[in-house]
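Student: Could we go through this protein chain together, one question at a time, with the sequence and the structure open in front of us?

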Amino acid sequence: HKPHNLSPPLTKQSETSRDKMLLTPLLRRGLRGSRGLSTVAPRRRKRRGFMGMLLSWLEGPEEIRVERAKKMLNSIESQSRLDFRPGCGLDQSKFRAQFGLEMLHLWALKLNLIAVDRTEGGRHFAEVCEQVWTRAEVRLHEEGIHSFLLSKNLKELQQWTFGSMTAYDKAIITLQDTDNDADFIGALWRNIYDCDPEAKPEHVATLADYTLDQIQILQEADKVKMFEGELHWGTPPVALTRTQEDLDLEKYGEPVLVPGPEKKIIEFRWSSEYPIVR
């Protein structure tokens, strides 16, 4: 497994010196700037008088953001609906897994939007969230949720979504500071694999590797085009990027004695205490 580097791409000669994932100051600013963002876009400063109203109508920034947000969300949904089962072992027929995967891509985009411009990036992110909730209502109804319960379920979905993004924020900083990806893998296990005890650590670690790749791809993309909604993503993993031999399973699980036909063997399974970050 090659550690990820979120700094500008290195030359082939310097690639071997890559020893840990590095968050550029730009992305660190994005992490700090994303705290406290809500689903509602910040209020714009009101213009007074007829000319102010006319200028607002001619500029139409809100309408432009809405169209760009729809374009961003379309790209996120298209990418997230590709097949992630081969490399990540995800059952995307489950609503939580599929929706969580989409929100993971949105989180990667959020980091880059806010890192470039906290104010405008925050507004674009908030507008994408508004589109997410609008579409989520339709999806929840299709999942069989009664109309009387839509509001309650939507609120729970929002809380879960922003809780997961907060966990990813904390975990990626830990990864940067300590070179330990256990918290990040744990956050993915809780929020996308829904604490499935049968989920394999190497599958979750592969999803973690893929996610860090997407952050780097977006970081290296044209920022103007990104704000216009033209997003580019990498290919979902078709195979494991890490194996059990690459992982220190004691970080991710607890030893369990499993009776065998001839003797008992020790397996590592997800700990009920792990991960702490959610």
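Student: In which helix does A69 have its place, and is A69 buried or exposed?
Tutor: Bear in mind that this is a predicted model, and that every value here is computed from it. The place of A69 is in helix α3, which covers residues 61-80. Buried means under 20% relative accessible area. Because the relative accessibility of A69 is 0%, this residue of α3 counts as buried.

Student: Which residues does A69 touch, leaving aside those up to four places away in sequence?
Tutor: A69 and E127 are 58 residues apart in sequence, yet their C-alpha atoms are 5.9 Å apart in space. E127 also appears in the list of contacts, which leaves out residues up to four places away in sequence and consists of E127, V128 and Q131.

Student: How are α5 and α6 oriented to each other?
Tutor: Helix α5 spans residues 95-116, and helix α6 spans residues 118-142. Their axes come within 8 Å and cross at roughly 165°. Angles over 145 degrees count as roughly antiparallel. The two helices α5 and α6 are therefore roughly antiparallel to each other.

Student: How many nonpolar, polar and charged residues make up the contact of α5 with α6?
Tutor: The crossing of these two helices, α5 and α6, is right-handed. On the side of α5 the contact includes F95, F99, M103 and L106, while α6 contributes, among others, F125, V128, V132 and W133. By class, the contact of α5 with α6 has four charged, four polar and 14 nonpolar residues.

Student: V116 belongs to α5; is V116 buried, partly exposed or exposed?
Tutor: The C-alpha atom of V116 is separated by 7.8 Å from that of K223, a residue 107 places away along the chain. For its class, partly exposed lies between the cut-offs of 20% and 50% relative accessible area. Because V116 has a relative accessibility of 31%, this residue counts as partly exposed.

Student: What is the orientation of α6 to α7, which pack at about 135°?
Tutor: Helix α6, residues 118-142, packs against helix α7, residues 150-178, at an angle of about 135°, and their axes are 10 Å apart. Roughly perpendicular covers 65 to 115 degrees and roughly antiparallel begins over 145, with the angle of this pair falling under neither heading. That makes the orientation of α6 to α7 oblique.

Student: What is the handedness of that crossing of α6 and α7, and how many charged residues does the contact have?
Tutor: The crossing of α6 and α7 is right-handed. Helix α6 brings residues such as F125, C129 and W133 to the contact, and α7 brings, among others, L154, L157 and F162. By class, the contact of α6 with α7 has 10 nonpolar and four polar residues, and its charged residues number one.

Student: How are α8 and α9 oriented to each other?
Tutor: Helix α8 covers residues 182-191 and helix α9 covers residues 201-220. The axes of α8 and α9 come within 9 Å and cross at roughly 105°. Angles of 65 to 115 degrees count as roughly perpendicular, and α8 and α9 are therefore roughly perpendicular to each other.

Student: How many charged residues are in the contact of α8 with α9?
Tutor: The contact is made by F184, I185, L188 and W189 of α8, together with V204, A205, L207, A208, T211 and L212 of α9. These residues divide into nine nonpolar and one polar, and the number of charged residues is none.

Student: Where is D194 found, and what is its phi?
Tutor: D194 is found in the loop between α8 and α9, and, at 44% relative accessibility, counts as partly exposed. Most residues other than glycine have a negative phi. D194 departs from this with a positive phi, near 55°.

Student: What is the phi of C195?
Tutor: C195 also has its place in the loop between α8 and α9, and is partly exposed, with a relative accessible area of 26%. The phi of C195 is likewise positive in a residue other than glycine, with a value near 60°.

Notes
Residues numbered from 1 in each chain as written. Predicted model: local features only at pLDDT ≥ 70, side-chain atom pairs only at ≥ 80, totals over all residues. Heavy atoms only, no water. Axes fitted to C-alpha atoms, helices over the stretch in contact; angles between N-to-C directions. Helix = DSSP H or I, 4+ residues; strand = E, 2+ residues; numbered from the N terminus. Parallel < 35°, antiparallel > 145°, perpendicular 65-115°, else oblique. Left-handed = near helix turned anticlockwise from the far one by under 90°. Contact = heavy atoms within 4.5 Å. Nonpolar A, V, L, I, M, F, W, Y, C, P; charged D, E, K, R; others polar. Buried < 20%, exposed > 50% of the residue type's maximum accessible area, 1.4 Å probe, protein only.
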